[in-house]
Amino acid sequence: MVAGCMIGFDFEEDRIKQEIAKRNAKRILLQLPEGLKPEGPRLAEMVAKTGALPIISADPCYGACDIAVNEAEILGADLIVHFGHAPFASQGKVPAIYVEAKATVKVDLAVLQALPLLSNYKRIGITSSIQHLQALSQAKEILEKAGKTVLIGDRGQLIHAGQVIGCNYSNATSIADEVEAFVFVGGGMFHALGIALSTSKPTVVADPYDNRAFSINEQTQKMLKQRWAVIEEAQQANVFGVLVGLKMGQKHFDKALKVKETAENHGKSAYLLASKEITPDTIMEFPSVDAYVNTACPRISLEAPQKFSKPVLTVNEFMVAVGEGSWENLLKKGLFEN
Ligand code: SF4
């Protein structure tokens with residue numbers, strides 16, 4: 001635990017002060033994901049003591065894809081301090097430093113709890129989000145002591161081996177053929193579902209916050225059923241809206257153009273729709289559109305399809321909907337682009 005900060009996260013305050021001094025930065029934009037935002041005022045006070053002017057971004061921030069470069073430019077900031085993620089998108093005009101906010105909670109009990117759920121598997125892949133990566137070596141040791149062969153993937157697309165982010169499970173897919181199951185070390189189901197949907201392997205969460213472990217196989221099957229229903233509905237669509245993300249790491253314009261061209265080749269109409277935030281309200285404004293293809297953040301529609309009044313497909317799902325790929329291949333390839 002770091003003295004004077006939210007319990008269980010390291011905000012690297014000495015490094016932040018050193019970076020501000022080294023760069024002689026005068027106006028600092030602090031960007032925090034939702035769970036860490038309560039620390040904003042305290043961190044702003046720490047920055048103010050260096051003589052720089054802190055500004056806290058109050059906008060939602062869900063990933064390093066969303067680095068607030070445009071906002072920093074508008075505010076005349078000369079440094080962004082981005083918390084909770086590792087670098088992902090290419091840098092913009094305003095320099096940024098990343099504070100990963102590593103969790104200091106112990107993972108050993110949660111990993112031990114995972115062992116009974118892995119009794120049928122010998123070869124295990126382990127992954128984590130940025131907050132717990134430092135604990136992967138300990139998790140590996142515990143599983144190996146229990147007789148497992150443990151692999152940590154590194155396809156080189158992310159900063160760290162074993163790291164996963166919501167739209168990139170390449171460190172899991174890179175070893176999927178060599179393991180029988182995955183363990184995700186960290187809280188919640190979000191990343192474990194991403195692993196299962198990208199690899200089709202049984203996946204267990206070792207949650208160090210509750211010191212418990214659980215399988216997400218049932219939730220995976222439920223989500224696959226939902227996704228198939230969404231694809232089937234989109235097969236009837238004549239007009240597609242191709243969603244183009246306006247966040248720095250969510251803009252995949254070439255992919256959007258390819259989707260538009262593919263739709264038109266299949267006799268459909270397709271419109272490019274650019275948006276910073278893709279929400280159920282955004283898409284309600286276009287009643288003539290029958291279905292959407294989301295080239296921005298692939299997790300938006302997957303997490304809560306019932307909130308959207310029209311089908312919102314990932315690019316891979318769209319290819320199945322227009323007959324350019326099969327559901328079986330989609331399961332092998334994963335629902336996301338990696
Ligand atoms: S695109 Fe979505 S899943 Fe990927 S990092 Fe950004 S918010 Fe997370």
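This is a short talk about a few helices, some single residues, one cavity and the surroundings of the ligand in a model that is predicted.

Let me begin with helix H1, which runs over residues 13-23. Which residues of H1 are buried? They are Glu 13, Ile 16, Glu 19 and Ile 20, and if you look down the axis of the helix, these residues cover an arc of only 120°, which puts them on the same side of H1. On the other side of H1 you will find Asp 14, Gln 18, Ala 21 and Lys 22, and these are exposed. You may then ask what covers the buried residues of H1. The cover includes two strands that you can pick out on the screen, E2 at 27-31 and E4 at 79-83, and it also includes strand E5 at 96-99 and helix H2 at 40-48.

Please look now at the two ends of this helix, where the backbone angle phi deserves a moment. Ahead of the helix, in the loop between strand E1 (9-10) and H1, sits Glu 12, whose phi is near 45°, a positive value in a residue other than glycine. Is Glu 12 buried, exposed or partly exposed? With a relative accessible area of 24%, Glu 12 is partly exposed. Just after H1 comes Asn 24, which takes a positive phi of about 55°.

Ala 101 is another residue other than glycine with a positive phi, in this case near 55°. Its place is the loop between E5 and strand E6, which covers 102-103, and with a relative accessibility of 0%, Ala 101 counts as buried.

The next helix I would like to show is H5, residues 136-145, in which Leu 136, Ala 139, Ile 142 and Leu 143 are buried. Why do I say that these residues share a side of H5? The reason is that they cover an arc of only 125° around the axis, and this puts them on the same side of the helix. Among the elements that cover the buried residues of H5 are helix H4 (108-114) and strand E7 (123-128), together with strands E8 (149-151) and E9 (181-185). Just after H5, Gly 147 takes a positive phi of about 95°.

Helix H7, residues 190-199, gives us another picture, because nine of its ten residues are buried, so the helix is largely enclosed by the rest of the structure. The buried residues in H7 are His 191, Ala 192, Leu 193, Gly 194, Ile 195, Ala 196, Leu 197, Ser 198 and Thr 199. Just after H7, Ser 200 takes a positive phi of about 60°.

Let us turn to the empty space inside the model. How many cavities of 30 Å³ or more are counted? The count comes to one, and the space in this cavity is about 40 Å³. Its lining is made up of Gln 31, Ser 57, Asp 59, Pro 60, Asp 66, Ala 68, Glu 71, Lys 276 and Glu 277, and when these residues are sorted by class, five are charged, two are polar and two are nonpolar.

One of these lining residues, Asp 66, is worth following a little further. Asp 66 lies in the loop between strand E3 (53-56) and helix H3 (69-75), and at 6% relative accessibility it counts as buried. If we leave aside its neighbours within four places in sequence, Asp 66 is in contact with Gln 31, Pro 60, Cys 61 and Lys 247.

What lies around the ligand? The residues there are Tyr 62, Cys 65, Gly 166, Cys 167, Gln 250, Cys 297 and Arg 299, and by class this shell has four nonpolar residues, two polar ones and one that is charged.

I will finish with two residues that sit in helices. Lys 255 has its place in helix H9, residues 253-265, and at 26% relative accessibility it counts as partly exposed. The C-alpha atom of Lys 255 is separated by 20 Å from that of Ala 64, and along the chain these two residues are 191 residues apart. Asn 316, by contrast, lies in helix H12, residues 315-321, and at 4% relative accessibility it counts as buried. Between the C-alpha atoms of Asn 316 and Lys 333, which are 17 residues apart along the chain, the separation is 8.5 Å.

Notes. Residues numbered from 1 in each chain as written. Predicted model: local features only at pLDDT ≥ 70, side-chain atom pairs only at ≥ 80, totals over all residues. Heavy atoms only, no water. 1 Å grid on protein atoms, 1.4 Å probe; cavity = no way out; pocket = protein on both sides within 12 Å on 5 of 7 lines; lining within 4 Å. Points joined across faces, edges and corners; volume = space filled by probe spheres on them. Nonpolar A, V, L, I, M, F, W, Y, C, P; charged D, E, K, R; others polar. Buried < 20%, exposed > 50% of the residue type's maximum accessible area, 1.4 Å probe, protein only. Helix = DSSP H or I, 4+ residues; strand = E, 2+ residues; numbered from the N terminus. Arc of directions from axis to C-beta. Contact = heavy atoms within 4.5 Å. Near = heavy atom within 4 Å.
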